[in-house]
Amino acid sequence: MSSLPVVDFHTHIYPEKIAAKAIDSIWEFYHIPMQRDGTVDSLLESGRRGGIEHFVVFSAAAIPGQVQSINNYIASVCREHSEFTGFGTLHPDMEKPLDEIERIIGLGLRGIKFHPDIQRFNIDDERMMNTYAALEGRLPVIFHTGDYRYSYSHPSRLARVLDNFPQLCAVAAHFGGWSLFDIAFDYFHNRRCYFDVSSSLPFIGHRRAAELIHSYGAERFLFGSDYPMWDPAACLKEFMSLDIADCEKEQILWKNAQVILKI
Ligand SMILES: [Zn+2]
């Protein structure tokens with residue numbers, strides 16, 4: 001394989017002061033042990049160790065009052081670290097989300113991350129439609145998708161949004177539906193969206209993951225770690241062991257991200 005840079009498209013970061021608390025709350029939600037501490041330094045260390053040059057970084061607001069401070073934090077970290085592209089957060093209950101989208105763009109953030117299960121809204125909630133209309137054709141949006149315990153982020157809900165907003169650049173994280181990997185295929189194989197491979201290989205298995213990448217097409221996939229839940233360097237090593245072609249790995253590790261992020 002030629003040595004192209006590697007982009008980790010799915011990482012969560014937290015200020016040092018609150019990282020330990022943030023990690024506790026992810027543990028409470030998923031009961032999956034966190035491999036890293038959620039800080040910027042730990043992410044950069046893993047990148048240096050594993051050979052990952054670029055990261056898409058974000059953090060989801062659990063309540064509307066957190067939106068502006070999180071967006072300011074992500075923007076400030078991205079100003080300090082050229083390795084980072086920042087995505088902003090919005091909340092379905094916030095006032096004036098369209099104003100915040102303009103502010104997010106002004107801050108230099110390059111997309112939006114939603115976590116419908118933690119933020120407790122249905123992806124196809126009517127309240128979100130004006131927001132998607134404002135994002136369509138402007139900023140890529142990454143959605144956490146899939147959780148067998150909840151319906152908020154069900155692939156069927158994102159499918160409905162994709163049908164209503166055909167120009168929305170959407171990334172359906174975790175192969176389109178964490179814990180619902182094959183159900184996701186029914187909804188997305190003939191729709192237009194990207195996927196990331198984060199938090200999936202340990203659950204889906206390598207044989208099935210390679211099959212799904214081939215069924216959907218490698219041009220639709222992005223490498224991601226879901227740091228701090230997983231160590232990006234270890235995720236990259238695991239991804240490289242997949243039985244897919246080198247040219248497909250290059251698309252997933254760098255080329256598709258380059259198209260979406262325009263980097
Ligand atoms: Zn995530």
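These legends accompany close-up views of a predicted model.

**View 1. The zinc site joins three side chains.** The zinc ion is coordinated by His-10 through NE2, His-12 through NE2 and Lys-113 through NZ. The coordination distances run from 2.0 to 2.2 Å. Along the sequence, the donor residues follow the spacing H-x1-H-x100-K. Two of the donors link distant parts of the chain: His-12 sits in strand β1 (residues 7–12) and Lys-113 in strand β4 (residues 112–114). His-12 and Lys-113 are 101 residues apart. His-12 is buried, and Lys-113 is buried too.

**View 2. Helix α11 and its buried face.** Helix α11 spans residues 232–240. Its buried residues are Pro-232, Ala-233, Cys-235, Leu-236 and Phe-239. Viewed down the axis of α11, these buried residues fall within an arc of 160°, so they line one face of the helix. An α-helix has 3.6 residues a turn, so residues three or four places apart point the same way. The packing partners of the buried α11 residues are β1, α2 (40–50), α9 (201–204) and α12 (246–261). Strand β1, one of these partners, also holds the zinc donor His-12.

**View 3. Helices α3 and α4 side by side.** Helix α3 covers residues 67–80, and helix α4 covers residues 97–106. The two helices pack at an angle of about 15°. Their axes lie 10 Å apart. Angles under 35 degrees count as roughly parallel, and α3 and α4 are therefore roughly parallel to each other. Their crossing is right-handed. On the α3 side, Val-67, Gln-68, Asn-71 and Asn-72 make the contacts. On the α4 side, these residues meet Glu-100, Arg-103 and Ile-104.

**View 4. Glu-100, a buried residue of α4.** Glu-100 lies in helix α4. What is the relative accessible area of Glu-100? The value is 3%. Buried means under 20%, so Glu-100 is buried. Leaving aside residues up to four places away in sequence, Glu-100 touches Val-67, Gln-68, Asn-71, Leu-90 and Met-94. Among them, Val-67, Gln-68 and Asn-71 belong to α3.

**View 5. Arg-207, an exposed residue of α10.** Arg-207 lies in helix α10, which spans residues 206–216. Is Arg-207 buried or exposed? Arg-207 is exposed, with a relative accessible area of 61%. Arg-207 and Ala-22 are 185 residues apart in sequence. In space, the C-alpha atoms of Arg-207 and Ala-22 are 33 Å apart.

Technical notes: Residues are numbered from 1 along each chain as its sequence is written. This is a predicted model: local features need pLDDT of at least 70, side-chain atom pairs count only at pLDDT 80 or more; totals for chains, interfaces and linings use all residues. Side-chain values use heavy atoms; hydrogens and water are left out. Donors are N, O and S atoms within 2.8 Å of the metal (3.2 Å for Na, K and Ca); water is not among the atoms, so sites may look incomplete. Helices (H or I, at least four residues) and strands (E, at least two) are DSSP runs, numbered from the N terminus. Buried means under 20% relative accessible area, exposed over 50%, partly exposed in between (1.4 Å probe, protein chains only). The arc is that of the directions from the helix axis to the C-beta atoms. Contact means heavy atoms within 4.5 Å. Axes are lines fitted to C-alpha atoms, for helices over the stretch in contact, and angles run from 0 to 180 degrees between N-to-C directions. Angles under 35 degrees count as roughly parallel, over 145 as roughly antiparallel, 65 to 115 as roughly perpendicular and the rest as oblique. A crossing is left-handed if the near helix is turned anticlockwise from the far one by less than a right angle, and right-handed if clockwise.
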